[in-house]
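Trainee: I have a new chain to go through. Can we take it question by question?
Mentor: Yes. Ask, and I will reason from the structure to the answer.

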Amino acid sequence: MTLGVDKQAEPLSPFETGFRGKCPRCGSGELFEGFLTVRPDCRACGLDFSFADAGDGPAFFVLSFACLIGFGFVLWMHFSVGAPLWLNIIVSAIVLAVACLAPLRPLKGLMIAQQYLKDAHEGEITKPDH
């Protein structure tokens, strides 16, 4: 299965297209139709986005880093500032929600753009010829 990467033209940067949520082929069409819902195809160039399957990758990376930073913030706020427990819970919930949701869409766009650029697709198990 080929994704239609144009070998004649210079490929677009997956960082530029992915982080902006743009089509990895033309760079002008929108990749998402909702917060994380991928469009069926690009309205500008017609690229079929059925190859796009970021799975749980973006969520894993976001949670791995956001939880470390967020937990450090929670500990700092509790021990250094000495805020009451109710304030610590409210502020920590807001910080963790923002730290998790803000990078999720750009990372999903980046992973989809990388899939397009590298012509990645689901692996197959083939039986050896005997």
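Trainee: What radius of gyration does the chain have, against that of a compact globule of 130 residues?
Mentor: Bear in mind that this is a predicted model. A compact globule of 130 residues would have a radius of gyration near 14 Å. The C-alpha trace spans about 65 × 45 × 25 Å along its principal axes. The radius of gyration of the chain is 20 Å.

Trainee: Which elements make up the chain, and in what order do they run?
Mentor: The chain holds zero strands. Its helices number four. Read from the N terminus, the order is α-α-α-α.

Trainee: What share of the 130 residues is buried?
Mentor: Buried here requires under 20% relative accessible area. The accessible surface of the chain is about 8,800 Å², and 64% of that belongs to carbon and sulfur atoms. Buried residues make up 29%.

Trainee: Among contacts between residues at least 6 apart in sequence, what share joins residues at least 24 apart?
Mentor: Thr-17 gives a case to look at. Thr-17 touches Ala-113, among others. For the chain, the share is 56%.

Trainee: How far does α2 reach from its first C-alpha to its last?
Mentor: Helix α2 has 25 residues. At 1.5 Å a residue, 36 Å is expected. The reach is close to that, at 35 Å.

Trainee: Which helices do the buried residues of α2 pack against?
Mentor: Take the buried residues of α2 first: Gly-57, Pro-58, Val-62, Ala-66, Gly-70 and Met-77. Met-77 is touched by Asn-88, and Asn-88 sits in helix α3. Together, the buried residues of α2 pack against α3 and α4.

Trainee: Is Asn-88 buried or exposed?
Mentor: Beyond four places in sequence, Asn-88 touches Val-74, Met-77 and His-78. Its relative accessible area is 6%, so Asn-88 is buried.

Trainee: What follows α2?
Mentor: Just after α2, Gly-82 takes a positive phi of about 75°. Ala-83 lies in the loop between α2 and α3. With 11% relative accessibility, Ala-83 counts as buried.

Trainee: How far apart are the C-alpha atoms of Ala-83 and Thr-17?
Mentor: Thr-17 belongs to helix α1. Along the chain, Ala-83 and Thr-17 are 66 residues apart. In space, their C-alpha atoms are separated by 42 Å.

Trainee: Is Thr-17 buried or exposed?
Mentor: Leaving out residues up to four places away in sequence, Thr-17 touches Leu-12, Lys-22, Cys-23, Pro-24, Gly-27 and Ala-113. Its relative accessible area is 4%, so Thr-17 is buried.

Trainee: Which residue forms a salt bridge with Lys-22?
Mentor: A search of the whole structure finds one salt bridge. Its closest N and O atoms are 2.6 Å apart. Lys-22 counts as buried because its relative accessibility is 17%. The partner counts as partly exposed at 31%, and that partner is Glu-30.

Trainee: Does the span of α4 agree or disagree with its 15 residues?
Mentor: Helix α4 covers residues 104–118. At 1.5 Å a residue it should span 21 Å. Its end C-alpha atoms are 21 Å apart, so the two agree.

Trainee: Which helices do the buried residues of α4 pack against?
Mentor: Those buried residues are Leu-104, Lys-108, Gly-109, Leu-110, Ile-112, Ala-113, Gln-115 and Tyr-116. Residues three or four places apart in an α-helix point the same way. The buried residues of α4 pack against α1 (14–20), α2 (57–81) and α3 (85–101).

Trainee: Which residue just after α4 takes a positive phi?
Mentor: Most residues other than glycine have a negative phi. The residue here is not a glycine, yet its phi is about 55°. At 28% relative accessibility it counts as partly exposed. It is Asp-119.

Trainee: Which residues make the nonpolar surface patch of about 500 Å²?
Mentor: Start with Ile-90, which lies in helix α3. At 46% relative accessibility, Ile-90 counts as partly exposed. The patch is made by Trp-86, Leu-87, Ile-90, Ile-94 and Val-98.

Conventions: Residues numbered from 1 in each chain as written. Predicted model: local features only at pLDDT ≥ 70, side-chain atom pairs only at ≥ 80, totals over all residues. Heavy atoms only, no water. Salt bridge = Lys/Arg side-chain N within 4 Å of Asp/Glu carboxyl O. Buried < 20%, exposed > 50% of the residue type's maximum accessible area, 1.4 Å probe, protein only. Helix = DSSP H or I, 4+ residues; strand = E, 2+ residues; numbered from the N terminus. Expected span 1.5 Å × (residues − 1). Contact = heavy atoms within 4.5 Å. Rg over C-alpha atoms; globule rule 2.2 N^0.38 Å. Areas by Shrake-Rupley, 256 points an atom, 1.4 Å probe, with all protein chains shown as cover. Patch = residues over 30% accessible without salt bridge, like charges linked within 9 Å, V, L, I, M, F, W, Y side chains within 5 Å.
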